[in-house]
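Q: Could you take a close look at the sheet in this one for me? I'm new to it, so please go through it slowly and tell me what sits around it.

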Amino acid sequence: MENLTTSEVVKKYDFRFTKSLGQNFLIDDSVLDDIVDGAEVNEEDFIIEIGPGVGTLTRELLKRAKKVCSIELDDKLLPILQEELKEFNNFEHIH
């Protein structure tokens, strides 16, 4: 599966931000590795991610962690996360 940027995923699914949920997505994808490196994520880590958005940071975490469990409130993001992260068997999502 291709690694789309946050902006590309938002455009692909024609996602509209919900102001009442305070949605702010990381769009500078060059910092993803910096975040994951800085957190020193490794294959023994179980990560809980609150508000995964469209899953671009989640994807990078899944590549390194034993398991990632994300918690997302927005119903509109569920199908996006399921599709974009379907290749990972170490992903769990809570709505």
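A: Let's start with the outside. This is a predicted model, and its protein chain exposes about 5,900 Å², with carbon and sulfur atoms supplying 51% of that area. Of the chain's 95 residues, 40% count as buried.

Now for the parts list: there are four helices and three strands. Reading from the N terminus, you meet them as α-α-β-α-β-α-β.

On to the sheet itself. The three strands make an open sheet in the order β1-β2-β3, and the pairing is parallel. The edge places go to β1 (46-50) and β3 (91-94); each has a single partner strand, so one side of each has no neighbour in the sheet. Going from one strand to the next, the twist averages 20°.

Let's zoom in on one pairing. Strand β2, residues 67-71, runs parallel to β3, and four bridges join the two. If you'd like a spot to find on screen, look for Cys 69: its bridge partner in β3 is Glu 92.

What about the helices? One to look at here is α3, made of residues 56-64, which packs on the sheet and touches β1, β2 and β3. The direction of α3 makes about 175° with that of β1.

Last, a word on contacts along the whole chain. Take the contacts between residues at least 6 apart in sequence: 48% of them join residues at least 24 apart.

Technical notes: Residues are numbered from 1 along each chain as its sequence is written. This is a predicted model: local features need pLDDT of at least 70, side-chain atom pairs count only at pLDDT 80 or more; totals for chains, interfaces and linings use all residues. Side-chain values use heavy atoms; hydrogens and water are left out. Two strands pair if DSSP finds at least two bridges between them. Axes are lines fitted to C-alpha atoms, for helices over the stretch in contact, and angles run from 0 to 180 degrees between N-to-C directions. Contact means heavy atoms within 4.5 Å. Buried means under 20% relative accessible area, exposed over 50%, partly exposed in between (1.4 Å probe, protein chains only). Accessible areas come from the Shrake-Rupley method with a 1.4 Å probe; for residues, only the protein chains shown count as cover.
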